[in-house]
Amino acid sequence: QVQLVESGGGLVQAGGSLRLSCAASGRTFTNYAMGWFRQAPGKEREFVAAIRSITWGGGNTYADSVKGRFTISRDNVKNTVYLQMNSLKPEDTADYYCAADRDHYGLEETAGYEYDYWGQGTQVTVSS
């Protein structure tokens with residue numbers, strides 16, 4: 001079992017920045033691929049960013065809508081994954097969720113159904 005706790009959400013003006021954190025506990029963090037997803041009111045959940053485990057190359061993947069503005073990273077000592085969000089736009093307003101899945105060959109890191117563990121979410125509101 002993996003427990004995930006997000007933090008760092010809040011209210012920010014357009015153009016501003018926020019850094020979300022997701023603290024993981026319960027299993028060997030380094031073996032897990034980590035993802036960030038978001039869900040805006042009345043919309044489907046969507047992929048934001050993912051980072052693979054070191055074993056599987058540690059690579060990052062981003063949604064086109066956030067590429068160049070968001071950066072995902074992980075600290076394998078602190079068992080924490082981060083999402084640095086810059087140049088925020090009102091359309092980034094959503095609840096942001098951290099997710100984890102034991103990394104493996106063929107993992108579709110952009111697909112929510114791949115992830116077995118989810119945090120409770122943190123709200124991000126970007127005002128215009």
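Trainee: How much area does the chain expose, and what share of it do carbon and sulfur atoms supply?

Mentor: The chain exposes about 6500 Å², and carbon and sulfur atoms supply 46% of it. Accessible areas here come from the Shrake-Rupley method with a 1.4 Å probe, and for residues only the protein chains shown count as cover. Keep in mind that this is a predicted model, where local features need pLDDT of at least 70, side-chain atom pairs count only at pLDDT 80 or more, and totals for chains, interfaces and linings use all residues. Residues are numbered from 1 along each chain as its sequence is written, and side-chain values use heavy atoms, leaving out hydrogens and water.

Trainee: What makes up the secondary structure of the chain?

Mentor: Zero helices and 11 strands. Helices (H or I, at least four residues) and strands (E, at least two) are DSSP runs, numbered from the N terminus.

Trainee: Why is the chain called as compact as a globular protein of that length?

Mentor: Its radius of gyration is 14 Å, close to the 14 Å that the globule rule gives for 128 residues, so the description holds. The radius is taken over C-alpha atoms, and the rule is 2.2 Å times the number of residues to the power 0.38.

Trainee: Which residues touch the most other members of the largest nonpolar core?

Mentor: In this core of 36 residues, they are Leu4, Met34, Trp36, Val81, Leu83, Met85 and Tyr96. Strands that each supply at least two residues of this core include E4 (32–39), E8 (80–85) and E9 (94–102). A nonpolar core is a set of buried Ala, Val, Leu, Ile, Met, Phe, Trp, Tyr and Cys residues joined through side-chain atoms within 4.5 Å. In soluble globular proteins, nonpolar side chains tend to be buried together.

Trainee: What does Tyr96 touch, not counting residues up to four places away in sequence?

Mentor: Among its partners are Trp36, Leu83, Met85 and Val124. A contact means heavy atoms within 4.5 Å.

Trainee: Why is Asn79 called partly exposed?

Mentor: Its relative accessible area is 23%. Buried means under 20%, exposed over 50%, and partly exposed in between (1.4 Å probe, protein chains only), so Asn79 at 23% is partly exposed. Asn79 lies in the loop between E7 and E8 and has a positive phi of about 55 degrees although it is not a glycine.

Trainee: How do you know that Ser87 counts as partly exposed?

Mentor: Ser87 has 41% relative accessibility, so it falls between the two cut-offs. Ser87 is in the loop between E8 and E9, and its phi is positive, about 50 degrees, although Ser87 is not a glycine.
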